Amino acid sequence: MRYALCRAWPLRMAAAALLAAGCLPSIADLPSGPLNSTFAVSDFFAPSGYMGDGEYFGKLVGAANEGCRPRVGLKRGNCYAFTYWPNDVDTDPWAGVFWVFPANSWGSTRGRAIDISKFKQISFWAAVDGPSPYTVGQNSVPFVGQAGGIDPKGRYVSEGEKDYVDGVITSTGWNVGDPKGITGEMRQFHIPLSDFQKGAGCQDPNDPNKGRNCTGDETNFMTGTAQASFLIGAFAWAMHYPTDVVKCADPNVDCHVDQHSSMFVDPPPVHIYLDDIVWDTEEAPAP
Amino acid sequence: MKTTRLSRAAATSIAAVLVLAAPPLASVARAAADDVAPAPPSPGPELNPFECYGRYQYATENRTIAEMRHELAQRLDWLDEAGQPGTVLAIKLCVIAKLKARVGDADAWDYYARSLEADPVEPGLELWAAQYWTGHRGVRRPVAEPAEVHYYAALRKLEAIKEAGRWKEYHAIVEDWVRHDLTVLYQMDGFPLLPFKAYPQRSRGLWAPGVSVGSQLRVAKDSRDFFFNNEYRQFTGEMQFANSDIRQGGTQFGQLGARQKWDLARAPLRLQVENKLRIRQNPLGTFDVLHTYLHQWDSQIYNFYNPTNACRIVQTQKEPCSPGQPAFSDIQVQQIGLGYERVFPLYPLFDLRLAGTVQRVWRDGIVEFHPYNIRIANPDGTFFVPNRRETLNLYEFKPSLSRFLGADKLVVNGVWAMLDNPVGTPDAPPLEQLRRKVIRAASFEYGIYQPLVLPTFEYGRLSTYRTPTRGLYVFGGVMEDGELWGTHEVLARDFYGGLRFEGPHWIDWTLQETYETTNTTYGESDGFGGNVYSSPGQAFSSVRTTFIFQYRVRSFDTFPGMPPSHGGFGSDMLNLVFPVAWDKGVSGPNDFENVRAGGQVWTKLIGEGIGGTTFLLTAGVDYQYFYRLQKGLVMGQLAIRMGWGDL
């Protein structure tokens, strides 16, 4: 009998494995603890925050790990290729994407826990392929990289909930097409993270309409020593469409100024490539 | 495109093998059929086997089960009379066997077997023995393999009788009933590619493989899909998700407007083709190669930030929309796989049916923001197609068991199905990548087969009479459909119960009550702990009351033999069905409460000239009214089935 039972253990294991496989995996006991070492943004944050013309379906199209522009160096997280066409409903043509946690959150929840004191910069590789000259009203157009800065501005408070605001905000711009800025060739860019920026978005902990978003108490908030304790938007890019290059449908109306995007004739697409978007505990190299 | 090529290639190869193999196999079968030896002499005077049938009818008719048991006890006492010829004893044993089967005795088969031993010559006794496996035993399906053994034995004995020159008129009826029963046994298989089991069947078809192709075409313009999903749940779930903070509800445009809700209640055009190549091999069971193609037009929400692509102006702000693009996108699903089923007679314990499939699934148009049929024009004249194809594995296991409890019968069914997406959502953060759906269900059906006392107005006033029926069924069950979206789990549960009455004459009815709940939970993945929370904004419940009235114009059991054939087809069944349903919200929003009523025609045709291929045709019209939205939908369905499965 004992022999038979011993012989049966593979059967029991198979049955147990079958039962386990027959259920949905548990969503309890997911990894805990704040982010405190260098991480790829795409490992925790989703590029779901399409902004500007990205809100018009099909005007900003993104793909992860497909159509990426090759480059050298470390490969951390996903690479991305975006294609951008201007809207055709006469609103200001610009677009951008936010990598947020959780996906599709604009500050309705508190974000991902982070020990922001450990981080020194956000780095990423990027290239932009677009029409030339890449200008609006003869002025250069910056490609803006940003970290933090999500602020619902009372949207959820008006629905009886709390607003969650990013405690951190930092951004840098690089002119598109400028050899010192962002071009069609993949280059690495750095957004430094100062102590001030790590707490620039902190909210008064006594404000009942705002979720706690920073370390410390009222004194820290008042003295400016509070720092973000969670992160909603880890990274974003945004840029304007180069309206100077498009032809206007009506020769009597200058569609390049004001908001006349519906008059653009066959506006060429802009391609944006991103890779290796990382929150880094190492200082950015000297410029 | 790849799947189409695959299925075509596979189908072509299989067809080629079958075409090449069929003629030699058929000639072997024909040659074998000609080798039947003349029947030996009967062990007594040759008796009409319908003696057994008639005596059984007389002993049961409108009697109670207790009275039937009394008849049975008497016949058991008369069994041991000395000096009776084998043919007489065989008829007595046959009547006892039929009575035992009727009252649910587990040893009924022993008496059928003794009857066949007592008279090994009479083909009709084999027919009654076979009908025990198709009419009494089985679970959701007849026990086909032992039934086949005896149906083909009947055919062999008929051929032997003919060879011996002792053919009687009643043998023609036995032959007709046997062939009809075999045709019904194979009715779900489809068109027979090989001749062995095709109508008119011959004795040597037993061990030969049955190879057939089945195909079902379904077209519907309906709010309900082909997978029995509840449209109240679908529309309410869609609305609540769109209303959530992480979709339109979280934007400055807020909750869905009245027109958006009105647009969500929809009845898209749906088309499904299900094909199967079935190999039936006694005693192994049936093996299927499966292919399914589904297309639904304008059915899927592809952007929950604006689920109906409405160009609204909310507080002077224009909601981002895409003029010229459809409100909903198409979806397409292709499936290829293998299936198996067989009923195993395990009495004195129970009958067990094992059925399962393993399938590969390709889905287009399901992933949000990746619509299937939308093409975005590039300035260079090319098009960008945002569709993202999902490749999934589908595993289904459907065990069932049944057992007689006295004259009644209990059937217990289980379902386990998993739709697994091995790749998940590869571009999402790792914790959000997993996609999996698991359905678990259990149900029971208790069939009351004892004669019932029913009301009648036949004598000008309300009176009662006792009559056998096709069964009064009490049923109930639970179903849990869990779907994992990364750290979120959507759990839908159904609890249902009801009554189904299949009357003695022409009227059947079903009354069912279903309580449905839908909840969403999510695991805390923000680094603050490992708790699981519910999303109250995504929870709701409802009840559905369903009443179905069915009138049998022509019942499948009207003709024990093949039905009269006109133009090569005989009508085996014609039913008029009138379903009525009411969805009522219990908790959560009730915007999609509705009533629905309709009429359907169900008919079954047997194509005698094409190997007994059986067709099931269904056509229906329904009207559904969402009274809180003041929206009515006129819907229609058409199904042509040549071979089918669970309906």
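**A sheet in chain A, a helix in chain B and the contact between them**

A:Trp94 has its bridge partner, A:His240, in β14(A). That pair makes a handy way into this predicted model. The two strands concerned are β5 of chain A, covering residues 94-100, and β14 of chain A, covering residues 233-240; they run antiparallel to each other and are joined over seven bridges.

Zooming out a little, β5 and β14 turn out to belong to an open sheet of five strands in chain A, laid out in the order β2-β5-β14-β10-β11, with antiparallel pairing. The sheet stops at β2 (46-52) on one edge and β11 (169-175) on the other, since each of these strands of chain A pairs on one side only. On average, neighbouring strands here are turned by 15° against each other, if direction is ignored. As background, the strands of a sheet are held in pairs by backbone hydrogen bonds, and the pairing can be parallel or antiparallel.

Edge strand β11 of chain A is also home to A:Thr172. How buried or exposed is A:Thr172? It has 15 C-beta neighbours inside 10 Å, so it counts as partly exposed; the buried label would take 20 or more. Apart from residues within four places in sequence, A:Thr172 is in contact with A:Gly145 and A:Ile191. There is also A:Trp237 to consider: it sits 65 residues away from A:Thr172 along the chain, yet the C-alpha atoms of the two are separated by 9.8 Å.

Over in chain B, helix α4 takes up residues 86-103. Its 18 residues, at 1.5 Å a residue, should span 26 Å, and the C-alpha atoms at its ends are indeed 26 Å apart, so expectation and model agree. As for its surroundings, 15 of the 18 residues of α4(B) are buried, which means that the rest of the structure largely encloses this helix. Right after α4(B) comes B:Gly104, with a positive phi of about 90°.

That leaves the place where the two chains meet. Here, 40 residues of chain B are in contact with 40 residues of chain A. On the chain B side, the elements that give two or more residues are β13 (408-421), β14 (435-448), β17 (471-485) and β19 (507-523) of chain B. The largest share, three residues, comes from β19(B). Sorted by type, the chain B residues that touch chain A come out as 18 nonpolar, 14 polar and eight charged.

Key:
Residues numbered from 1 in each chain as written. Chains lettered and ligands numbered in written order. Predicted model: local features only at pLDDT ≥ 70, side-chain atom pairs only at ≥ 80, totals over all residues. Helix = DSSP H or I, 4+ residues; strand = E, 2+ residues; numbered from the N terminus. Expected span 1.5 Å × (residues − 1). Buried ≥ 20, exposed ≤ 12 C-beta atoms within 10 Å, placed from the backbone. Contact = placed C-beta atoms within 7 Å. Nonpolar A, V, L, I, M, F, W, Y, C, P; charged D, E, K, R; others polar. Pairing = 2+ DSSP bridges. Axes fitted to C-alpha atoms, helices over the stretch in contact; angles between N-to-C directions.
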